[in-house]
Amino acid sequence: MAESHFLDEPGVPSPIDPLGRLGPLGPLGPEAVAVAVPTQRMGQTRWRLLLRRPTFGVGGGILLFWVVCAIFGHAFAPDNPLAQQLLSANAAPSGSHWFGTDPLGRDVLSRVIVGARDILVITPLATVLGTILGTALGLAMGYLGGAIDLIAGRIVEAVLALPAVIIAFLFIVALGPSTLTLIIVIGFIFTPLIARTVRAAVLSERNLDYLSSARLLGENPARIMFGEILPNVVPAILVEFTVRLGYAVFAVATLSFLGFGVQPPTPDWGADIAANYSGLLAGYWWQTLFPALAIASLVTSVNLITDSIEQVLNE
């Protein structure tokens, strides 16, 4: 049963009498007054603290840059990322091609800019899918317990025991490489990881007084799990989501590098590294370096945001 908040709410009279002792709900002590702090005001305070953190600003700025590239990349990319100019193949970085060209003469800068699109579509959707499934599973395991927790726990352990790459290969071979397949694969891999975290958070809430009150009022388990427990474990879910978002970037890039992700000639950071890393031996370092830096910068931005959120929630 959700906790009530009275103090400082416009239009709601205080339950405390002029002597500060009694109200419509009976005796009120310091604990009740402390609980009465408006949750909305607490959320605003946390948001202001988050915005003041330099790491959040840096991470958010980098992430915003790549989001703009993903949405409007074709509009400001200097060249067509698919256009082949064989006479300019393997050209070093210069004024005409800031990041140089690849073995087919395609502009590396344009491919890096436009290549942000697929990775910034797949990673958030896959992470959202894994978070939704993992949260629902973790709530059921943690609150219902018993046979459900035992059976689901064994399944989660079995999935986690398998290498993630093997699971991804099985899905991709069965469904074929596509954007939808990548979203399903990564979401499925993240589900047991998130479920385990949510289950641990639910176990710490399961025996608290507000849940005992909800059960006494006859609320059904689904209402208790999603209406009462879920709002109280949102901070843990939020941190887990941002952490998995960074891992999703690596997962998409790795699968593309192995040839199971975004398929050529579509610009993709992982696929471009796979196609050009052999050029390092010939001195064509730019063809691999700049896509790799793009991946590193995106993961770093997500990690900076994650660290900032976790620090604010723990204050």
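Rings of Phe, Tyr and Trp (its six-membered ring) pair if their centres lie within 6.5 Å; planes under 30 degrees apart count as stacked, over 60 as edge-to-face and the rest as tilted. With that in hand, here are some exercises. The model is predicted, so local features need pLDDT of at least 70 and side-chain atom pairs count only at pLDDT 80 or more, while totals for chains, interfaces and linings use all residues. Residues are numbered from 1 along each chain as its sequence is written, and side-chain values use heavy atoms, with hydrogens and water left out.

**Exercise 1. Confidence**

Find out how far the model can be trusted, using pLDDT (the predictor's confidence in each residue, from 0 to 100).

*Solution.* Start with the whole chain: its average pLDDT is 83, and 86% of the residues score at least 70. Next, look at residues 1-37, where the pLDDT is below 50. Beyond near neighbours in sequence, that stretch has 39 contacts in the model, a contact being heavy atoms within 4.5 Å. Where pLDDT is low, the predicted coordinates should not be read in detail.

**Exercise 2. Aromatic rings**

Locate the ring cluster, then describe two aromatic pairs.

*Solution.* Ring pairs join F99, Y284, W285, W286 and F290 into a cluster. Searching the whole structure gives nine aromatic pairs. One of them is F171 with F188, tilted, at 5.0 Å centre to centre and 55° between the planes. F171 sits in helix 7 (residues 164-175) and F188 in helix 8 (residues 179-203), so the pair links distant parts of the chain, 17 residues apart; helices here are DSSP runs (H or I, at least four residues), and strands (E) need at least two, with numbering from the N terminus. Now check the surroundings: F171 is partly exposed at 22% relative accessible area, and F188 is partly exposed at 34%. The scale calls a residue buried under 20%, exposed over 50% and partly exposed in between (1.4 Å probe, protein chains only).

The second pair, F257 and Y277, is also tilted, with 5.7 Å centre to centre and 45° between the planes. F257 belongs to helix 10, whereas Y277 is in the loop between helix 11 (269-276) and helix 12 (286-314), so the pair ties together parts 20 residues apart in sequence.

**Exercise 3. Two helices with kinks**

How do the spans of helix 10 and helix 8 compare with what is expected?

*Solution.* The expected span is 1.5 Å times one less than the number of residues. For the 37 residues of helix 10 (residues 221-257) a straight helix would span 54 Å, but the end C-alpha atoms are only 45 Å apart. Look for a bend, the angle between axes fitted to the seven residues ending at a residue and the seven starting there: L230, shortly before the proline P231, has a kink of about 60°. Helix 8, with 25 residues, reaches 36 Å, close to the 36 Å expected. Its kink of about 30° lies at T191, shortly before the proline P192.

**Exercise 4. A serine in helix 4**

Is S110 buried or exposed, and what does its side chain reach?

*Solution.* First, place S110 in helix 4 (residues 108-114). Its relative accessibility is 0%, so S110 counts as buried. Its side chain reaches the backbone nitrogen of D79 at 2.9 Å. That fits a polar contact (N or O atoms within 3.5 Å; within protein, one must be able to donate a hydrogen and the other to accept it, and residues adjacent in sequence count only if both atoms are side-chain atoms). Leaving aside neighbours within four places in sequence, S110 touches A77, P78, D79 and P81.
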